[in-house]
Amino acid sequence: MTVEAEAPSISVVIPTHFRSEIVGAAIESIARQTTQPRELLVVSDVEDLAAEAAVGKASSQLTFSVRYLRNAAVPGVCGSRNLGAAKA
């Protein structure tokens, strides 16, 4: 009898603050991993239209869910990670 291991359920959180120039590269790096995540959450603590556009462009070719979230306040990187973990 062969028992197949269930694929892990992985959520990846990328906090960002005006870093649109590297968000696409970070998403591409995640996409190249051997084990794919179930979802990717990019969390910004500022209104960054360029980062949101980069996420949209990069996510169009992925096999996993990608969400762009924005904090209502500016809690910093820890607050962004916490929001991403709460929404995962």
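**Exercise 1. Salt bridges**

Determine how many salt bridges the structure has and which side chains form them.

Solution. The count comes to three salt bridges, where a salt bridge is a side-chain nitrogen of Lys or Arg within 4 Å of a carboxyl oxygen of Asp or Glu. This is a predicted model, in which local features need pLDDT of at least 70 and side-chain atom pairs count only at pLDDT 80 or more, while totals for chains, interfaces and linings use all residues. Residues are numbered from 1 along each chain as its sequence is written, and side-chain values use heavy atoms, with hydrogens and water left out.

Step 1: The side chain of Glu21 forms a salt bridge with that of Arg19, at 3.2 Å from N to O. Glu21 is exposed, at 55% relative accessible area, whereas Arg19 is partly exposed at 40%; here buried means under 20% relative accessible area, exposed over 50%, and partly exposed in between (1.4 Å probe, protein chains only).

Step 2: Glu39 meets Arg38 in a salt bridge, again with 3.2 Å from N to O, and Glu39 also meets Arg67 at 3.2 Å, N to O. Since Glu39 belongs to strand 2 and Arg67 to strand 3, this pair ties together parts that are 28 residues apart in sequence; helices (H or I, at least four residues) and strands (E, at least two) are DSSP runs numbered from the N terminus.

Step 3: Arg38, Glu39 and Arg67 are thus linked in a network of salt bridges. Within this network, Glu39 counts as buried at 5% relative accessibility, while Arg38 is partly exposed at 45% and Arg67 is partly exposed at 30%.

**Exercise 2. The sheet**

Describe the strand order and pairing of the sheet, and explain why one side of strand 1 and of strand 3 has no neighbour there.

Solution. Step 1: The sheet is open and consists of three strands in the order 1-2-3, with parallel pairing; two strands pair if DSSP finds at least two bridges between them. Strand 1 and strand 3 (65-70) are at the edges and each has a single partner strand, so one side of each remains without a neighbour in the sheet. From one strand to the next, the twist averages 20°.

Step 2: Strand 1 and strand 2 run parallel and are joined by six bridges, among which Val12 has Leu40 as its partner in strand 2 and Val13 has Leu41.

Step 3: In strand 2, six of six residues are buried. Glu39, Leu41 and Val43 point one way from strand 2, and Leu40, Val42 and Ser44 point the other way. In general, the side chains of a regular strand alternate between the two faces of the sheet.

Step 4: Helix 1 lies across strand 1 and strand 2, at about 165° to strand 1, and helix 3 (residues 76-87) lies across strand 1, strand 2 and strand 3, at about 150° to strand 1. Axes are lines fitted to C-alpha atoms, for helices over the stretch in contact, and angles run from 0 to 180 degrees between N-to-C directions.

**Exercise 3. Helix 2 and the core**

Which residues of helix 2 are buried, and which elements do they pack against?

Solution. Step 1: Ala51, Ala54, Val55 and Ala58 are the buried residues of helix 2. They lie on the same side of helix 2 because they cover an arc of only 100° around the axis, the arc being that of the directions from the helix axis to the C-beta atoms. Leu49 and Lys57, on the other side of helix 2, are exposed.

Step 2: The buried residues of helix 2 pack against helix 1, strand 2 and strand 3, with contact taken as heavy atoms within 4.5 Å.

Step 3: The largest nonpolar core has 12 residues, including Ala51, Val55 and Ala58 as well as Val12, Leu40 and Phe64. At least two residues of this core come from each of strand 1 (11-16), helix 1 (20-31), strand 2 (39-44) and helix 2 (49-59). A nonpolar core is a set of buried Ala, Val, Leu, Ile, Met, Phe, Trp, Tyr and Cys residues joined through side-chain atoms within 4.5 Å.
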